[in-house]
Amino acid sequence: MHAPRRSTLQRLSALALLLAAGRLRSTEAALPRLPAWRPRFDHDPFTLGVASGQPRPDSVLLWTRLAPHPHQPGGGMPPVPVRLRWELADDDGFRRIVRHGEVLAHPDAGHSVRVPVQGLAPGRVYHYRFLLDAAVSPVGRTRTAPAPDALPDRLRLALASCQHYEQGRFIAHREIAASDIDLVLFVGDYIYDSSNPAFLLRAHEGPPPRTLDEYRARHATYKLDADLQAAHAAHPWLVCWDDHEVRNDYAGMLGGEDEDTRDFVAIRQAAYQAYFEHLPLALDQLPGPAGMRMHDRWTWGRLAEIWTLDGRQHRSAQVGADADAPGGGLIGQRLVDQAERAERDAPRRSVLGDAQERWLQSGLAASQRRWKLVAQASQMSPSGIDLMGRRLVSSDGWDGYPGARARLLSGIAERRIDNVVMLGGDVHRHVVANLRVQPNDPRSPVVASELVTTSVTTRGLPAPLNDLIRESNTDILHARSDDRGYARIELGHRWLHFVARATSFPARDQATLSSQVRFTIETGRAGPQQDGSEEPAAPA
Ligand SMILES: [Fe+2]
């Protein structure tokens, strides 16, 4: 690559810093005055594909990252800013370009770029691409949300989570990419920090990441997957994160498992930075030393409001965790029976943190949209097991925070907020459940519905343990842990359809998904109803 003249470089850097600081919102307005710099690449710089996300009625966010050698430090890019072009068009042949501009890929952001394209028409499909010298990125397809006062007939989305690269092929993403849906909602474990040698279909590029370069390489491993790239290129995504984007079972500033707490702060920051660089996230989400904003709210006309929550960064430590002990001391997924006692000792224990919890409660109460979809990383309905006279629960899930769960569901019940549907992942099983203020208590009314997607690839619980969970929790209407896949959700004015799409176990290189289960939720009636029995999957 040719190096630019020093003065050009300085001007580019200054602009990049302004952009990074959020002081310049419009790259279109700022950049065309700069002198041209035309780098030459010996490899395709668009190896990681393109993505879009955060659809609003008048805007959408476009993403790519320049990485001609994605597993090298800096993606194989020289440590200088590079300017590239982007185009957004009505058609995939780019004959009717409706917006275009230039954007800086800065080495401080791993040469990732995000373009918030504004002033667009609501409820429209667009196509986009990036251009750099002779290189042209793959073409992405995206859409804007409907106008705030429109009442669209439907919203179709794919709900997915938990895509351990080593444990299977991303067959679910292959189907998602080919599906006629409006958006993808990914609710956590986008990458995995760790490996399980017992399930190794294909290998990560190295040991668990600790540095920014290592997290960038880990994200590159995932982004190089053709099926994942296709799902990003086909639809706009909304994302929540969970623990494995950083470390298993971490809570706030407390590292999970064997991680030293002081080291963990730096590890978390590197992980957040790499996550920001690889997902279609807004510039004002740029992580700093204090963390990164992940929670947000989205609308689909008057049909639906979607909350995307952050259940990791602001949560209280799990029961049994010792904040003072080097190594964090989290007990994570160990089954415990002391969650209720911990709540009595510390009644404000929280999954979301006070500020996010209040924001969600007031937003739900104020919402005028028909459906209120609350997307977060885990299963909210009870999933403990009754064994030899004891109730054992996972300390990391909502069962480990019963007070926080009761606060959220009580708020929904007391304010009579209707048509609330919790959407989750994390547990590596499809789950359909009723949500009550008092879990599993038939005298406590059903106040909301829950739909949880299984994992794209990550191994689920053995069937006998899954059966024990079902038998121990009357609120669970359906749970299957031997399926890999995703869920399709379609919302209309009077109903919501949930389809659990599944591969057979194990998720090897299969071309099609194998079975599905359907549930329906009617407006004004909390609680899902099963829609026929399990059936072989029809083509997508
Ligand atoms: Fe997971």
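The protein contains 10 helices and 26 strands, where helices (H or I, at least four residues) and strands (E, at least two) are DSSP runs numbered from the N terminus. This is a predicted model, in which local features need pLDDT of at least 70 and side-chain atom pairs count only at pLDDT 80 or more, while totals for chains, interfaces and linings use all residues. Residues are numbered from 1 along each chain as its sequence is written, and side-chain values use heavy atoms, with hydrogens and water left out.

Of the 540 residues in the protein, 60% are buried, a word that here means under 20% relative accessible area, with exposed meaning over 50% and partly exposed in between (1.4 Å probe, protein chains only). If one takes the contacts between residues at least 6 apart in sequence, 71% of them join residues at least 24 apart, a contact being heavy atoms within 4.5 Å.

One part of the fold to look at is an open sheet of seven strands, which follow one another in the order β12-β13-β15-β18-β20-β19-β21 with mixed pairing; two strands are said to pair if DSSP finds at least two bridges between them. At the edges stand β12 and β21 (476–480), each with a single partner strand, so one side of each has no neighbour in the sheet. On average, neighbouring strands of this sheet are turned by 20 degrees against each other, direction ignored. For such angles, axes are lines fitted to C-alpha atoms, for helices over the stretch in contact, and angles run from 0 to 180 degrees between N-to-C directions. The strands β12 and β13 run antiparallel and are joined by five bridges, and T299 has E305 in β13 as its bridge partner. Helix α8 lies across β12, β13, β15 (371–375) and β18 (420–424), and it runs at about 175 degrees to β13.

Elsewhere, strand β2 (residues 59–65) pairs with β5 in the antiparallel sense over six bridges, and within this pairing the bridge partner of W63 in β5 is R114. Strand β5 (residues 112–117) is mostly covered, since five of its six residues are buried. In a regular strand the side chains alternate between the two faces of the sheet.

From the strands we can turn to charged side chains. Side chains of opposite charge can pair when their charged atoms come close. A search of the whole structure finds 37 salt bridges, each being a side-chain nitrogen of Lys or Arg within 4 Å of a carboxyl oxygen of Asp or Glu. One of them joins R56 to D296, with the closest N and O atoms 3.3 Å apart. Because R56 lies in strand β1 (residues 50–56) and D296 in strand β12 (residues 296–300), this pair ties together parts that are 240 residues apart in sequence. R56 counts as partly exposed at 27% relative accessibility, whereas D296 is buried, with a relative accessible area of 15%.

A further salt bridge connects R312 with D242, whose closest N and O atoms are 3.0 Å apart. This pair links distant parts of the chain, for R312 is in the loop between β13 (304–308) and β14 (335–336), and D242 is in the loop between β11 (236–239) and α6 (261–278), 70 residues apart. R312 is buried at a relative accessible area of 1%, and D242 is buried at 3%. Both residues belong to a network of salt bridges that links D242, D243, R312, R315 and D396.

In the salt bridge between R407 and E357, the closest N and O atoms are 2.5 Å apart. Here R407 in helix α9 (residues 402–414) is linked to E357 in helix α8 (residues 354–366), 50 residues away along the chain, and both R407 and E357 are buried.

The last stop is the iron ion. Its protein donors are C162 (SG), D189 (OD), Y192 (OH) and H428 (NE2), lying 2.1 to 2.5 Å from it; donors are N, O and S atoms within 2.8 Å of the metal (3.2 Å for Na, K and Ca), and because water is not among the atoms, sites may look incomplete. Along the chain these donors follow the spacing C-x26-D-x2-Y-x235-H. The arrangement is irregular because the four donor atoms subtend angles of 85 to 169 degrees around the iron ion. Four donors count as tetrahedral if all angles lie between 85 and 135 degrees; four count as square planar and six as octahedral if opposite donors are over 155 degrees apart and all others between 65 and 115; anything else is irregular. Among the donors, D189 is buried with a relative accessible area of 1%, and Y192 is buried at 3%.
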